[in-house]
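Reader: Got a minute to go over this one with me? Put it up and I'll fire away.
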Amino acid sequence: MPLRLEARAEPSRAMVFAAPVIAIAATLCLGGILFAALGFDPFTALAAFFIEPVSTVYGLSELLLKATPLALIGVGLALGFRGNVWNIGAEGQLIIGAVAGGGMALALYDVSGLWVMPCVLAAGVAGGAAYAAVPALLRTRFHANEILTSLMLNYVATLFLGWLVHGPWRSPEGYNFPESRMFTDSALLPLLVEGTRLHVGVLFAPLAAFATWVIVSRSFLGFQIKVIGMTPAAGSFAGFGPRRVIWFTLMFGGGLAGLAGAMEVAGPIGQLVPIVSPGYGYTAIIAAFLGRLHPFGILLSSLLLALIYLGGDAAQIALAVPFAVTQVFQGMVLFFLLAADVLIRYRVRFDAPRSVAS
Amino acid sequence: MSDAELITLSAILAAMVRAATPLAFAALGELVTERAGVLNLGLEGMMLMGAVAAFGTAHAGWGYAPAIAAGAAAGAAMAALFGLLALTLRANQVACGLALSIFGVGLSAFLGKSLIGSPVTALPALPVPGLAEIPVIGAALFDQDILVYASFLAAPALHWFLFKSRRGLILRAVGENHDAAHAIGYGVLRVRYAAVLFGGAMSGLAGAYLSLAYTPMWVENMSSGRGWIALALVVFATWRPSRAILGAYLFGGVTILQLHAQSWGIGVPSQALAMLPYLATVAVLVLISRDETKIKLNAPACLGKVFHSGR
């Protein structure tokens with residue numbers, strides 16, 4: 001094989017930051033080629049995808065609106081990934097957060113007051129955390145792999161929400177559409193910018209990132225997470241097992257996903273509907289990796305992935321390509337990132353191998 | 001039992017086998033991949049790509065054999081992408097598998113957009129003369145299409161391969177201890193690539209079965225979690241083909257029973273019944289994982305670990 005990987009003496013710090021840039025550049029190149037193959041001028045198409053959606057104030061507000069759930073979920077997931085806890089169930093935790101928050105909003109339908117909206121959000125956090133407690137319990141008590149259990153619960157959550165809006169929570173004045181009542185103004189998040197859908201909840205994203213950063217870099221728990229993530233055995237020798245890390249990271253990630261879900265239904269959607277998320281829980285996994293599992297990095301990567309959502313919308317209208325192009329681009333970014341990450345620990349050499357071929 | 005009941009039972013058994021077939025293909029493929037020490041979580045993506053490729057080929061009128069081959073090839077192509085990242089470039093296997101699933105869901109939806117709503121004729125059943133008329137089990141075992149028959153053969157064939165053949169022994173050695181296998185002189189990466197590609201082709205076949213036979217149409221995300229259920233089946237099977245096929249039929253049974261329960265109109269919401277396969281997966285995982293040593297003893301020791309040659 002002409003391509004050979006030569007181990008670096010120590011991981012390259014520069015490459016940790018360069019890899020996402022390389023991945024984004026490669027995605028743009030391949031995206032351009034893809035558009036050209038579909039018969040579009042690549043530059044016009046890429047501009048329609050990545051620039052035009054954010055060339056207006058409304059577009060920018062939508063960018064922040066979509067980046068918020070990604071960032072909230074992403075920072076939570078990243079904390080777990082650092083500790084080798086693979087929560088793939090954020091989509092389900094988001095949905096249960098939306099159900100719990102929406103349930104609270106419907107329960108408080110007849111009352112008004114400033115305290116209603118915080119109750120909705122708190123219910124969302126509690127719902128998401130409680131749902132994430134299931135894989136945590138199954139992992140710590142029965143050693144069941146949290147990747148598979150948390151993922152299975154995504155399907156269960158979707159069906160549960162579907163049952164609620166088709167059945168008991170269906171709006172009595174909704175002409176039999178599978179939707180709940182519209183929430184009252186007290187339950188909704190106040191708008192931050194008039195004329196847009198941008199609500200105050202967007203502020204939770206930097207707040208959550210900062211809180212997560214404090215946990216990671218300043219707390220003993222954050223230290224435990226990192227140790228368990230690198231060498232589980234070392235944790236045991238030092239006197240702390242993975243149990244606390246599993247519980248904390250899953251509940252923390254679940255709570256943030258639940259908050260994101262409650263903010264979707266108490267924000268731009270304003271009621272419970274069968275589908276409350278365009279896959280934020282899955283895209284947030286990409287956001288976590290692209291942001292280098294660092295809370296502030298994830299704020300940036302969430303903006304990029306939100307831009308891809310907007311670009312997918314725009315391309316559907318302007319270029320008549322299916323919205324699924326969003327997932328194609330998001331998947332491409334992650335692939336290129338994983339490929340570029342090899343440069344952190346290795347140098348690539350294009351010559352004949354010295355030792356036995358691998 | 002009355003004749004009518006016997007006929008219903010026979011139909012339910014046949015439907016169970018059909019529901020189990022995609023799970024059997026995907027789980028058996030992943031089982032081989034994992035036996036070689038590689039954890040590929042991208043089954044859902046490979047399955048969907050297999051489904052869309054097979055459906056597209058059949059829809060273009062190229063016939064069933066090329067369609068099935070296209071399904072397997074699409075799954076293997078996705079697996080090759082995984083191999084490039086996880087094996088050659090030594091990236092984290094969990095992350096690569098997740099990426100493959102996310103990407104496959106998106107790419108299949110993108111490629112299949114124009115195929116939505118198009119019809120194909122379902123893969124025809126090939127009844128075995130005489131045997132297909134056996135009451136109760138005849139329809140399930142001998143009145144099926146070619147892919148179902150292939151899935152019947154796959155488990156014993158893989159059992160023989162893994163435990164009776166020399167190549168199977170090498171594959172398991174690579175999965176148990178890649179450093180030792182490398183020291184003896186086996187090409188660890190070559191074996192792993194072969195296992196990954198085989199797993200991808202099997203997932204592609206699972207997808208082809210879905211879009212050509214099980215529900216002969218293309219719908220976005222039509223695998224609806226079967227790839228993930230198949231992953232759970234591999235754990236449930238403690239990495240043994242015979243138990244994997246058993247698990248697949250168990251889940252086929254759950255799927256068909258919940259579908260029938262929906263049509264019988266027992267007073268349970270359809271959504272609650274549709275949750276059953278997913279909840280059953282969780283339950284089965286919990287039951288099997290409860291005994292930690294059992295999993296540790298049976299799981300390939302190098303599962304998910306990166307191999308560095310010349311270390």
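Author: Sure, here's a quick chat about the fold, the surface and the empty space inside; keep in mind that this is a predicted model.

Reader: Cool. How many helices and strands does chain B have?
Author: Chain B has 14 helices and zero strands. Along the sequence the pattern is just α after α.

Reader: And is chain B as compact as a globular protein of that length, or not?
Author: As compact, yes: the radius of gyration of chain B is 20 Å, close to the 19 Å from the globule rule for 311 residues, so it matches a globular protein of that length. The C-alpha trace spans about 65 × 45 × 40 Å along its principal axes.

Reader: What share of chain B's residues is buried?
Author: Buried residues account for 58% of the 311 in chain B. As for contacts with a separation of 6 or more, 76% join residues 24 or more positions apart.

Reader: Switching to the surface, how much is accessible?
Author: About 12100 Å² for chain B, with 68% of that belonging to carbon and sulfur atoms.

Reader: Now the holes. How many cavities of 30 Å³ or more are there?
Author: One. The largest cavity holds about 40 Å³ of space.

Reader: Which residues line the largest cavity?
Author: The lining includes Ala86(B), Leu87(B), Leu189(B), Arg192(B) and Phe307(B). Helices α3 (64–88) and α9 (188–214) of chain B each supply at least two lining residues.

Reader: What's the lining like by class?
Author: Five nonpolar, one polar and three charged residues. Arg90(B), Gln93(B) and Lys305(B) are also among the lining residues.

Key:
Residues numbered from 1 in each chain as written. Chains lettered and ligands numbered in written order. Predicted model: local features only at pLDDT ≥ 70, side-chain atom pairs only at ≥ 80, totals over all residues. Heavy atoms only, no water. 1 Å grid on protein atoms, 1.4 Å probe; cavity = no way out; pocket = protein on both sides within 12 Å on 5 of 7 lines; lining within 4 Å. Points joined across faces, edges and corners; volume = space filled by probe spheres on them. Helix = DSSP H or I, 4+ residues; strand = E, 2+ residues; numbered from the N terminus. Nonpolar A, V, L, I, M, F, W, Y, C, P; charged D, E, K, R; others polar. Rg over C-alpha atoms; globule rule 2.2 N^0.38 Å. Buried < 20%, exposed > 50% of the residue type's maximum accessible area, 1.4 Å probe, protein only. Contact = heavy atoms within 4.5 Å. Areas by Shrake-Rupley, 256 points an atom, 1.4 Å probe, with all protein chains shown as cover.
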